[in-house]
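Morning, everyone. Please have the sequence and the structure open while I talk.

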Amino acid sequence: MLSIPDLIKKKRDGGALSDEEIKAFIQRVTDKTIQDCQTGAMLMAIWQKGMTDKEIVTLTKEMMSSGEVMSWPKEWAGLVVDKHSTGGVGDKVSLVLAPALAACGYKVPMISGRGLAHTGGTLDKLESIPGFNIQQSTDQIKNILDSVGCCIVGQTETLVPADRVLYGMRDVTSTVNSLPLIAGSIISKKGAESLSALVLDVKFGRAALYKDLDSARELAQLLVKVGNSLGMRTGAALSSMDGTIGRCVGNSLEVIECLETLKGKGPDDLMELVTTLGGLLLKMTGSVSDLSEGKKKISDAVIGGAALSKFQAMMEKQGVDSEAARALCSTDTDYYSILRKSKHQIKLETPADGEVVDVDGMMLAEVLHKLGAGRSKSGESVNHSVGAKLLVSLGQKVQKGERSTMMLMFRFAKLRILLWSRQDPPYEAARLVGIRHVTSMPCFALLSKKEYFLIRIKLAR
């Protein structure tokens with residue numbers, strides 16, 4: 001058996017590590033008998049030289065086996081499913097999909113994460129609901145699944161401890177975007193859930209981890225291959241992430257939009273993602289014969305109110321006061337009687353007559369991040385009330401002076417919203433909007449002396 005320095009050298013020089021060598025490395029990481037600098041060096045060697053498919057599968061298996069692997073009652077066979085997204089702006093799909101799947105008879109032990117950088121975290125959204133407890137033991141998870149059918153929780157202390165170490169080290173060693181390490185991290189956690197089936201939402205676009213379709217497809221194919229190698233039926237969907245999902249971005253606002261969706265009043269793009277991903281899972285598990293049938297079953301669970309009932313039951317089981325949970329799920333409720341409301345709100349004014357041709361999700365996420373909605377490093381707190389609500393859609397006609405473009409909700413009174421009064425040269429508009437020979441005018445926020453272009457309007461002629 002090679003020493004850790006020898007293993008690092010072997011991978012640095014482009015060699016393929018054996019099963020035993022990968023097992024030894026993960027064991028040392030788990031036992032904390034390896035120096036941080038050695039772990040970082042190995043991660044950088046993997047980032048530079050990559051791994052064969054066989055190495056990635058072994059790495060994933062060893063990470064999964066570094067802690068507890070969940071087990072479920074025999075009668076749940078074929079019913080334990082989950083979904084994972086590579087992250088986006090306004091990505092609130094899990095909050096609607098998990099209870100919809102539970103309403104269809106599935107068990108969904110959704111182990112989620114917190115937001116980091118520009119992407120929002122499912123756990124942060126749920127913690128904007130007073131009393132919601134994302135920390136549940138394995139026995140508590142089983143109990144919630146038995147009575148409700150779904151739970152959304154954080155990673156337990158005993159689940160994939162090797163990943164917790166490597167995940168933190170990847171951030172500080174600039175190896176976050178390594179395909180083998182991404183696959184190992186995602187699939188090891190899902191494998192430890194002992195799933196029957198997993199669907200992946202792999203996003204591409206300017207507000208996604210991968211900016212182009214080819215890179216996202218490469219990641220999706222790798223994740224599917226590794227997931228299936230663990231005996232877990234795995235499928236993936238590729239979805240565009242240039243703007244936002246739905247109209248709301250920010251923790252409390254996204255919870256409200258999810259509740260509205262569960263009451264049958266959600267935005268079309270959010271429902272399309274929910275029904276597509278849920279429909280894929282139903283097809284993968286043999287519950288339906290084709291995707292359209294699966295999408296209809298998920299849609300019926302949402303529109304008919306069964307998913308809303310499951311969400312209310314999940315909230316109560318995870319610590320939310322029963323009266324508060326009932327009020328949030330009632331018709332025409334005052335959400336801010338329970339959820340925290342931002343101190344300040346401002347509506348952006350439309351700068352010109354025209355048509356909305358672009359909403360930049362990445363820029364919006366960066367503005368909200370600076371206003372307190374996100375975190376720059378693990379452990380930082382977030383302000384759940386900070387957010388933005390889009391009041392326009394792509395292709396919508398707008399008139400100059402209307403305060404109907406976007407509402408920003410924030411905690412500082414000093415945010416300055418400016419309207420750009422000059423016309424961009426056509427070539428500049430073409431670069432930013434992706435359309436030739438147009439003249440456009442942006443709405444943007446000026447924050448810390450940096451301009452953030454949020455919405456772009458094609459001028460009426």
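Let me start at one side chain. Arg-206 is partly exposed, with a relative accessible area of 25%. Keep in mind that this is a predicted model.

What does Arg-206 pair with? Its side chain meets that of Asp-360 in a salt bridge, 3.6 Å from N to O. Now place the two partners. Arg-206 sits in the loop between strand S4, residues 197–204, and helix H10, residues 213–229. Asp-360 sits in the loop between S8 and helix H16, residues 361–373. So the pair ties together parts that are 154 residues apart in sequence.

Is Asp-360 buried or exposed? Asp-360 counts as buried, because its relative accessibility is 14% and the limit for buried is under 20%. Arg-206, at 25%, is partly exposed.

Next, Val-359. This residue belongs to strand S8, residues 354–359. Val-359 is buried too, at 9% relative accessible area. Look across to Ser-393. The C-alpha atoms of Val-359 and Ser-393 are 8.4 Å apart. Along the chain, 34 residues separate them.

S8 brings us to a pocket. It is the second largest one, with about 540 Å³ of space. Which elements give two or more residues to its lining? They are strand S5 (233–240), helix H12 (268–284) and S8. H12 gives the most, with 5 residues. In total, 25 residues line this pocket. Lying nearest its centre are Gly-243, Thr-244, Ile-245, Asp-269 and Leu-394. By character, the lining divides into 11 nonpolar, 7 polar and 7 charged residues.

Back to salt bridges. How many are there? The count comes to 18. Here is one of them: Lys-11 with Glu-55, the closest N and O atoms being 3.0 Å apart. Lys-11 is in helix H1, residues 4–12, and Glu-55 is in helix H4, residues 53–64. So this bridge ties together parts 44 residues apart in sequence. Are the two partners buried or exposed? Both Lys-11 and Glu-55 are buried.

Now a bridge inside one helix. Asp-300 pairs with Lys-296, with the closest N and O atoms 2.9 Å apart. Both lie in helix H13, residues 291–303. They are 4 residues apart, about one turn of the helix. Asp-300 is partly exposed, at 41% relative accessible area. Lys-296 counts as exposed, because its relative accessibility is 52% and the limit for exposed is over 50%. There is also a network: salt bridges that share partners join Lys-9, Arg-12 and Asp-13.

Last, confidence. The mean pLDDT of the protein is 84. Residues reaching 70 or more make up 84%. Which element has the highest mean pLDDT, and which the lowest? Helix H14, residues 306–317, has the highest, at 98. Helix H17, residues 426–433, has the lowest, at 27. Over residues 410–451 the pLDDT is below 50. That stretch still has 104 contacts in the model, beyond near neighbours in sequence. How should we treat such regions? Where pLDDT is low, the predicted coordinates should not be read in detail.

To recap: the Arg-206 and Asp-360 bridge ties together parts 154 residues apart in sequence. S8 helps line the second largest pocket. And for residues 410–451, remember that the pLDDT is below 50. Thanks, over to you.

Definitions and conventions
Residues are numbered from 1 along each chain as its sequence is written. This is a predicted model: local features need pLDDT of at least 70, side-chain atom pairs count only at pLDDT 80 or more; totals for chains, interfaces and linings use all residues. Side-chain values use heavy atoms; hydrogens and water are left out. pLDDT is the predictor's confidence in each residue, from 0 to 100. Contact means heavy atoms within 4.5 Å. Buried means under 20% relative accessible area, exposed over 50%, partly exposed in between (1.4 Å probe, protein chains only). On a 1 Å grid over the protein atoms alone, a cavity is a set of points where a 1.4 Å probe fits but cannot get out, and a pocket is an open set with protein on both sides within 12 Å along at least five of seven lines; lining residues have an atom within 4 Å of a point. Grid points are joined across faces, edges and corners, and a volume is the space filled by probe spheres set on the points. Ala, Val, Leu, Ile, Met, Phe, Trp, Tyr, Cys and Pro count as nonpolar, Asp, Glu, Lys and Arg as charged, and the others, Gly among them, as polar. A salt bridge is a side-chain nitrogen of Lys or Arg within 4 Å of a carboxyl oxygen of Asp or Glu.
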